[in-house]
Amino acid sequence: YDIFKIVKAGQKRMKKYVIFDIDGTLNQTALYAIEAYQKALKKRNITVSDDVIFACIGLSPAAIITKLFGSLDDNAYQVWRKDIQEYEFSIMKDRAKTFDGIVEVLCELKRRGYQLAICSNAYPKHIKQVLTMIGIYNYFSEIGSLKMGNSKAEVLTKLLEKLNCQKACLVGDRKFDLEAARVNHIPLIGCGYGYAPNEIQEADVVINKPLEILEVIDYLI
């Protein structure tokens with residue numbers, strides 16, 4: 001009995017992190033991003049389908065530029081980023097929200113003793129603004145951003161070093177999340193409800209709604 005209590009106490013003290021992607025995982029980005037990008041593109045007399053913009057959700061800023069323009073000089077790039085930020089946050093005020101069940105999931109994970117972190121293809125200022133706008137910024141103790149590396153795999157590597165945790169699991173909806181998890185040898189919960197379900201079918205577990213995270217996380221970690 002005493003040994004059992006010691007083991008349980010050790011498990012309780014273990015640093016365990018659930019690490020989340022943002023777009024298509026926590027945030028219903030398409031509710032505002034498609035219109036924001038169309039406005040910015042229209043300003044430049046460029047026409048693309050909504051599907052093209054939809055496919056950009058979750059990509060890094062550099063990858064989005066490549067997909068939409070091929071390349072931009074530094075001045076054009078800075079003006080583009082300014083326009084996108086203004087359009088997005090103007091529309092977000094009325095539309096931005098998490099996927100259904102996300103707040104309940106975050107609360108329950110913390111109740112179970114998990115710590116929460118973010119691993120994103122965005123920069124810190126954007127991450128903070130988005131998470132604040134959808135009302136979940138304060139749930140996360142650490143933020144992994146593009147300041148840590150040029151790819152999500154690199155960001156996750158640096159983040160895990162910083163967290164110095166015994167166990168971790170990544171939750172995401174794109175191939176970059178799958179690659180990052182595999183490179184760093186941690187399990188991935190693939191979000192089938194996200195924006196690229198076909199990209200994460202080889203995840204350790206694929207879920208169809210956020211609340212299913214609670215059914216599998218203890219097993220994976």
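**Figure 1. Confidence of the predicted model along the protein chain.** The mean pLDDT (the predictor's confidence in each residue, from 0 to 100) of the protein chain is 94, and 94% of its residues reach 70 or more. Over residues 4-11 the pLDDT is below 50; beyond near neighbours in sequence, this stretch has one contact (heavy atoms within 4.5 Å) in the model. In this predicted model, local features need pLDDT of at least 70 and side-chain atom pairs count only at pLDDT 80 or more, whereas totals for chains, interfaces and linings use all residues. Residues are numbered from 1 along each chain as its sequence is written, and side-chain values use heavy atoms, with hydrogens and water left out.

**Figure 2. Helix α5 and its buried residues.** Helix α5 (a DSSP run of H or I, at least four residues, numbered from the N terminus) comprises 22 residues, 74-95. From first to last C-alpha α5 reaches 31 Å, close to the 32 Å expected at 1.5 Å a residue (1.5 Å times one less than the number of residues). Its buried residues (under 20% relative accessible area, 1.4 Å probe, protein chains only) are Tyr77, Trp80, Asp83, Ile84, Glu88, Phe89, Ile91 and Met92. The cover over these buried residues includes α2, α4 (61-68) and α7 (124-133).

**Figure 3. Surroundings of glutamine 28.** Glutamine 28 lies in the loop between β1 (16-20) and α2 (30-43); strands such as β1 are DSSP runs of E, at least two residues. Glutamine 28 counts as buried because its relative accessibility is 16%. Leaving aside neighbours within four places in sequence, glutamine 28 is in contact with Lys97, Thr98, Phe99, Asp100 and Tyr195.

Key. Buried < 20%, exposed > 50% of the residue type's maximum accessible area, 1.4 Å probe, protein only.
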